[in-house]
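User: I am new to this kind of model and would like to learn how its features are read, one at a time. Could we begin with the surface?

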Amino acid sequence: MGLGWMRIDKPQRLWWHNGGTGGYRSFAGFRPDRRDAVVVLANQSRSVDLLGIRVLRSLD
């Protein structure tokens, strides 16, 4: 983790940041090697991290 960004390096290199407040959740992630990015915003308190990561990985 650096500057608040989390990283996964295997099997694909992904960087993301997430958060939430007052019943809202967010996820912003990107793949620096492919220059793909995804933003997920939700009006619920459940995490949207898994959805964002799955979408990023599916952009092959």
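Analyst: An accessible surface is read as a total and as a share by atom type; in this predicted model, the total for the chain comes to about 4,300 Å², and 53% of that area belongs to carbon and sulfur atoms.

User: How many positive and negative side chains does the chain have, and how far apart do the centres of the two sets lie?

Analyst: Charges are read by counting each sign and then comparing where the two sets are centred. Here there are 10 positive and 5 negative side chains, and the centres of these two sets lie 3 Å apart.

User: Which elements make up the chain, and in what order do they run from the N terminus?

Analyst: One reads the elements by type and then by order along the sequence. This chain has 1 helix and 4 strands, and from the N terminus on they run β-β-β-β-α, with the helix coming after the strands.

User: What does the radius of gyration say about the chain?

Analyst: The value is set beside the one expected for a compact globule with the given number of residues, which for 60 residues would be near 10 Å; the chain has 11 Å, so the two agree. Along its principal axes, the C-alpha trace spans about 35 × 25 × 15 Å.

User: What share of the residues counts as buried, and which residues form the largest nonpolar core?

Analyst: Of the 60 residues, 25% count as buried. The largest nonpolar core has 9 residues, namely Leu-14, Trp-16, Phe-27, Val-38, Val-40, Ala-42, Val-48, Ile-53 and Leu-56. Two or more of these residues come from each of strand 2 (14-21), strand 4 (36-42) and helix 1 (49-58), and strand 4 gives the most, with 3 residues.

User: Taking Ile-53 as an example, why does it count as buried?

Analyst: Burial is judged against a cut-off, and a residue is called buried when its relative accessible area is under 20%. Ile-53, whose place is in helix 1, counts as buried because its relative accessibility is 13%.

User: Leaving aside neighbours within four places in sequence, which residues are in contact with Ile-53, and which with Val-48?

Analyst: With those neighbours left aside, Ile-53 is in contact with Leu-14, Trp-16 and Phe-27, while Val-48 is in contact with Arg-25, Ser-26, Phe-27, Val-40 and Ala-42. A separation in sequence can also be set beside one in space: Ile-53 and Ala-28 are 25 residues apart along the chain, and their C-alpha atoms are separated by 9.4 Å.

Key: Residues are numbered from 1 along each chain as its sequence is written. This is a predicted model: local features need pLDDT of at least 70, side-chain atom pairs count only at pLDDT 80 or more; totals for chains, interfaces and linings use all residues. Side-chain values use heavy atoms; hydrogens and water are left out. A nonpolar core is a set of buried Ala, Val, Leu, Ile, Met, Phe, Trp, Tyr and Cys residues joined through side-chain atoms within 4.5 Å. Buried means under 20% relative accessible area, exposed over 50%, partly exposed in between (1.4 Å probe, protein chains only). Contact means heavy atoms within 4.5 Å. The radius of gyration is taken over C-alpha atoms; the globule rule is 2.2 Å times the number of residues to the power 0.38. Accessible areas come from the Shrake-Rupley method with a 1.4 Å probe; for residues, only the protein chains shown count as cover. Lys and Arg count as positive and Asp and Glu as negative; His and the chain ends are not counted. The place of a charge is taken as NZ of Lys, CZ of Arg, CG of Asp or CD of Glu.
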